[in-house]
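Hi there,

I'm passing on a structure for you to look at. Have it open while you read my notes underneath.

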Amino acid sequence: MSSQIVNALVLILLSAGIAIPVGHFVVPWAGWAVFCAGLGLQMLFNFRNFARLDRWSQHPVVDASLEGEGAWDGIFGRLYRHEKELRDQIAERDDQIDRLFAALQALTDGVVALDLNQNIVYCNTTAEAQLGVAMERDRGQPIVNLVRQPEFVAYLSAGEFERPLTLRTDRGSDRVLSIFVIPYAGNRRLMQIKDVTQTDRLDRMRRDFVANVSHELRTPLTVLAGFLETLQEIDLDYDDRKRYLNMMAEQSKRMETIVQDLLTLSSIESAPPPENDLVDMTSLVDKLRRDGEALSAGRHQVVADTDGIFDLRGSEPELVSAFGNLVANAVRYTPAGGTVRIEWKATPQGAEFAVEDTGIGIDAKHIPRLTERFYRVDRGRSRDAGGTGLGLAIVKHSLNRHQAQLDIKSTPGVGSRFAARFPASRIARV
Amino acid sequence: MNESQHLSSQFDDELSRLRTHVLQMGGLVETQVSAAIEAYTTGEVASVKTIVETDRKVNELEKAIDDDCAHIIAKRQPTASDLRLVLGISKIVTDLERAGDEAKKIAKGVRRIYENGHLPGQYGVGIRHLAEAALAMVRQALDAFARLDTPQAADVIRADTDVDAEFKSIIRQLITHMMEDPRTITTSIDIIWIARAIERIGDHAKNISEQVVYVVEGRDIRHTKEKVQ
């Protein structure tokens, strides 16, 4: 600053130094003219720099070529450094914010930040998929305009967030979400959304399992107890007695089958990996066909179709029981006159054992749950057909132990196809 | 967006609250429709009562929102896009209320079918498919209204043709079924009513979308062959 004043003073003194001799020796007005010209030049110089600063301040850029002249150079230099530092700081902040958002994006839980009026401020991609919103398009929109389920709206407006809200979405896929609302920064809200579809399903399966075991065992037990009471209290003739005892035997046999199946299931679950016997598939398929025919008693056509190239490695008793179960199911759920087709074919990934029928079929919504224990499509019907409700659960476990996938395709009224897909490691060329 | 700034920010608040109320009512109707379809597929008649009771709430909301619209018009004398928004809303709530009524009809039909002990059998899949399409239309129409998104509204209007076609194919199937076995006529007629109600829900979603186009663009595309976008 002081150097600028000195500079300006020196220039004024310089013009005065020239003007005074000129005024003294020539004419006075010429001296004044020279002095004014000196001051004018200095103003012109200052004005040029001022105009440059004015232009720059309208569109500040970090440009090293920006230089002032004379005393102005210092000002321009400081402005340049200030602008540069500011920009570096902003870039660093931007970087930090980007990393923060990237961290939020990386969370497997959905995150939505709401402002004071419950408008969407931010949401990560997980939340976008969970709630069917889009950050770019819906920023500033009240969240309840898009997530309109009445229970969600009520939960958010009630403001009691001790317990998370369990919400079933129906956008796209059927998912169960658990929503935690956390107040932050005053009255703003942060929503954390967990996908609990799988946990919800397991919970339901466990509840269903206990309820089902009790139910399945209680039914025959009630019948048994009823007959026992009758036998204790009423004197029956020999024939009635015999008939009742037969029925009791039937029910106790039924309970035994259920317990046997439960034990099989738990032993498969805890057993070591199956041995690697070579199973002769051509003769096994033929045996399955004969068994199927015997069960059908001539009411169905049972066809076997095998290309005879591969045999299977695994535990023979387990595989026989699993395949036999699929064939028996096909025969049971196919009306008389239908066809049951047993296939053993090579596939690009390995080989496939399939049982196809022209039976009653299964509605698509039951298929994912078919292999759950005691899951029944039609309660009355399958019990009449003699099933324990554990067959497919056992099949699935046996197949899983052989690294095979059970694939079920079905059309109601047309027929079903149950296929066990074995990987290449499980098969051997004949 | 439509939300231009007004001198009175209170007016902006009123309009945005009105929109949120409409969408709340829409959420209720969506739940009604999906609950009715759920009852149809699972046969759980117990939920029918809830659906019928919730319909009363939908009716009350319709009245309350209509009242709000009248108030805004009288007090604020809105013009241009604000006026279109208020007018559009008063038509949208009518369609929503009717869609809610159709959901109630479906629920009652379900109760009749299951109380007579007849199961819809092979019609389960077809009807559910139709219902899912109609429900998606309602959802998209409401999303389009929330976002004032005309391309999505146009999608809904186009989807209505598919729902209509599917409805017709279900009816044809039912007619064949009834001719083959006259004992199924009672159930079949109930199923026809249900299919009809679902098809109407699709129509209401289409009407809502047409109102969205009107609110945003000021074009009235009802009853015209005018192409949307």
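Below is what I found, beginning with how the model is handled.

This is a predicted model, in which local features need pLDDT of at least 70 and side-chain atom pairs count only at pLDDT 80 or more, while totals for chains, interfaces and linings use all residues. Residues are numbered from 1 along each chain as its sequence is written, and chains are lettered from A in the order in which they are written.

Chain B has six helices and zero strands (DSSP runs, H or I of at least four residues for helices, E of at least two for strands, numbered from the N terminus). Of its 229 residues, 43% are buried, that is, with 20 or more other C-beta atoms within 10 Å of their own, C-beta atoms being placed from the backbone.

The largest nonpolar core (buried Ala, Val, Leu, Ile, Met, Phe, Trp, Tyr and Cys joined through C-beta atoms within 7 Å) has 81 residues, and A36(B) and L130(B) are among those with the most contacts inside it. Leaving out residues up to four places away in sequence, A36(B) touches I51(B), A103(B), I106(B), A107(B) and V110(B) (contact means backbone-placed C-beta atoms within 7 Å). Another core, of 36 residues, lies apart from that one and includes W344(A) and F418(A).

In chain A, the axes of α8 (residues 197-233) and α9 (residues 238-270) come within 9 Å and cross at roughly 155° (lines fitted to C-alpha atoms over the stretch in contact, with angles from 0 to 180 degrees between N-to-C directions). α8(A) and α9(A) are therefore roughly antiparallel (over 145 degrees).

Best wishes

How values were computed:
A residue is buried if 20 or more other C-beta atoms lie within 10 Å of its own, exposed if 12 or fewer, and partly exposed in between; C-beta atoms are placed from the backbone. Two residues are in contact if their C-beta atoms, placed from the backbone, lie within 7 Å. Angles under 35 degrees count as roughly parallel, over 145 as roughly antiparallel, 65 to 115 as roughly perpendicular and the rest as oblique.
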